[in-house]
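New to this one? Here's a quick briefing to help you find your way around.

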Amino acid sequence: MRGFGSYLNVDSVIHRLHPGVKLSALLILVSAILLFPSIYVVLLSSALFLLPYRLAHIPGAHGLKLLQRILPLLLIVFLIRLLLVPGAGEALWEFFFIRISRESLADSLLGTFRLLALVLLFALFARTTSQNELAYGIEALSRPLEKLKIPAGEFSLVMIIAFRFLPLTSIESERLIRAQSARGANFDAMRGGLFSRARAFLPVLIPLFVATLKRCETMATAIEARCYQGGAGRSRLIRYHLARRDLWALLLTVMYIGAGFFLVLYV
Amino acid sequence: MRPSHAIQPDIVVEELSHRYAEEGPCSIEEVSMKLYRGECIAVLGGTGSGKTTLLLHMAGLLFPQSGRVEVNRRVGLLFQRPEDQLFKPTVEEDVAFGPRMQGLQGDELNERVRYGCRVAGLDYRRFAGRSIHTLSGGEKRKVALAGVLAMKPEVLLLDEPTAGLDPMTRREFLRMIRELNGTGISIVLITHHIEVADALAQHFLVLHRGQVLFHGDKTSFYDNAPLLERLAIRPPFVRRLTRRLRSEGWDFSNLSDSSSEESLLETIRGQLQGPAGGRG
Ligand SMILES: Nc1ncnc2c1ncn2[C@@H]1O[C@H](COP(=O)(O)OP(=O)(O)OP(=O)(O)O)[C@@H](O)[C@H]1O
Ligand SMILES: [Mg+2]
């Protein structure tokens, strides 16, 4: 139950940022990472994104564990891009369909570090933003849409529920595995390779689906029973206000974009 | 009295500790206990004291992080919440899951399913085809129990089995468990109700914040006034009366802490009519 999306319940400057600001910053930074075509910018970003980790009081061990877990993935992405996408320009090395050039090497590195930067960013966001804040952030950002008669309130409720459900399915499958092994089912294969794991998981899949649907229904009833109505006129327990730190965060994000452009254009 | 140590216990737990989170608190800490064949042991303790955690270890669903759990006979676990236990779409399929995993098929399997339902007090014909989701809370509990009994376990692990049952069903349930216990099935019973524990168990295990506060037989449990006070438990009326009369000098040497109301009455009557006129 650790994995991605694990909110770290501590108090820090980053945690206290306005959810709307945090979400905007996330969106801006993600687009920037995806759009800046420069390996230097992306590399620098990866390093830069580690700074807020300190500000957010995220233990170094967490960061290391995260890196450890994504390292294989990064390697795979790097190799796939390098070996399968034939490089333009002068070939450094050629073998059948594999064709590696300076350009393809740079491209693969760029893709890999992009992924690294994105993971760092999302993990930071997930560790410092609770589900409720996320929902609020989405709602805050989508409020302008209401003016266009788009039901942003309902949309954000759907988002909250979706985010709630990710961990639910994993809890639910744990429950099912426990229930089945209590009556003699064998899940030893779960500790095997990917394929045998998938096969061992099969008997859990259908009940998981049914149970999740059932949970959906129960949750909908529970939400209704507490008089939830999306959209206008709804109040909330916690009110968020913009503070000076929020302006700083936005300013830093904009400065980052500016610096990125500068690097791309002039370096 | 407990059997001699020459006999192999059904379950041995030795200095078992478990924490759910790496740096979290201990949910159970250095718990040791034994369950001998045919015994029924009641596990008491406050909310969150680690009872379920201990039971999950006995069922092999949690592995000892430190300490040892030895299980020598086939166990069947009734979960605290029946919703956690049931996963097939219909009653029949769910009850059949366990015996099918034991390799039974056809008539034999069917026989087992009927057996499980019957002992659990569930009308097979009425319920077999019902969808699990449409059952009431108490019905779900019965189905869960039927699914366990259909596997013919030799040790029953029951996690608050009487929660949410009406008085009639609960009484039938107690009778059924006692009968099973009488046939040599050992039982670990988690409960918050002293009446339930009193009716079934000969031994008591009390947990507090994951540690064993008490482990012993029923008499020494009722003798331990500070413990009872601490648990906010009052022994059932018959036990209190027996003790009280005994302390007043009545001769109840033929009564134990498992004797029924009837035998208490019988003894009182006998002593009142007896030559000494009752009091010694
Ligand atoms: N999956 C879990 N993850 C983290 N902590 C848990 C988990 N399950 C139980 N705990 C904690 O372990 C402790 C013991 O829990 P357990 O379920 O064994 O208590 P219990 O004695 O059965 O309580 P109850 O009478 O309420 O059923 C509790 O403090 C509980 O919060
Ligand atoms: Mg419990």
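What follows covers a ligand site and a surface patch.

Keep in mind that this is a predicted model. Two spots get a look here: the surroundings of ligand 1, where 13 residues gather, and a nonpolar patch on the surface, made up of residues of chain A.

**Around ligand 1**

- The closest of the 13 residues around ligand 1 are Ser27(B), Lys51(B), Thr52(B), Thr53(B) and Gln80(B).
- Sort that shell by type and you get 10 polar residues, 2 charged ones and 1 nonpolar one.

**Polar contacts with ligand 1**

- Ser27(B) has a polar side-chain atom sitting 2.7 Å from an oxygen atom of ligand 1.
- Gln80(B) also puts a polar side-chain atom by an oxygen atom of the ligand, at 2.8 Å.
- For His192(B), the distance from a polar side-chain atom to an oxygen atom of ligand 1 is 3.2 Å.
- On its own, ligand 1 would expose 640 Å², and the protein buries 58% of that.

**The nonpolar patch on chain A**

- Ile76(A), Ile80(A), Leu84(A), Val85(A), Leu92(A), Trp93(A), Phe95(A), Phe96(A), Phe97(A) and Leu105(A) make up the patch, and together they have about 1,100 Å² of accessible area.
- Two elements of chain A each give two or more residues to it: α5 (60-84) and β1 (91-95).

**One patch member up close**

- Leu92(A), one of the patch residues, belongs to strand β1 of chain A.
- Leu92(A) counts as exposed because its relative accessible area is 56%, and the cut-off for exposed is over 50%.

Key
Residues are numbered from 1 along each chain as its sequence is written. Chains are lettered from A and ligands numbered from 1 in the order in which they are written. This is a predicted model: local features need pLDDT of at least 70, side-chain atom pairs count only at pLDDT 80 or more; totals for chains, interfaces and linings use all residues. Side-chain values use heavy atoms; hydrogens and water are left out. A residue is near a molecule or strand if one of its heavy atoms lies within 4 Å of it. A polar contact is a pair of N or O atoms within 3.5 Å; within protein, one must be able to donate a hydrogen and the other to accept it, and residues adjacent in sequence count only if both atoms are side-chain atoms. Accessible areas come from the Shrake-Rupley method with a 1.4 Å probe; for residues, only the protein chains shown count as cover. Ala, Val, Leu, Ile, Met, Phe, Trp, Tyr, Cys and Pro count as nonpolar, Asp, Glu, Lys and Arg as charged, and the others, Gly among them, as polar. Patches are made of residues with over 30% relative accessible area and no salt bridge: like charges are joined within 9 Å, nonpolar side chains (Val, Leu, Ile, Met, Phe, Trp, Tyr) within 5 Å. A salt bridge is a side-chain nitrogen of Lys or Arg within 4 Å of a carboxyl oxygen of Asp or Glu. Helices (H or I, at least four residues) and strands (E, at least two) are DSSP runs, numbered from the N terminus. Buried means under 20% relative accessible area, exposed over 50%, partly exposed in between (1.4 Å probe, protein chains only).
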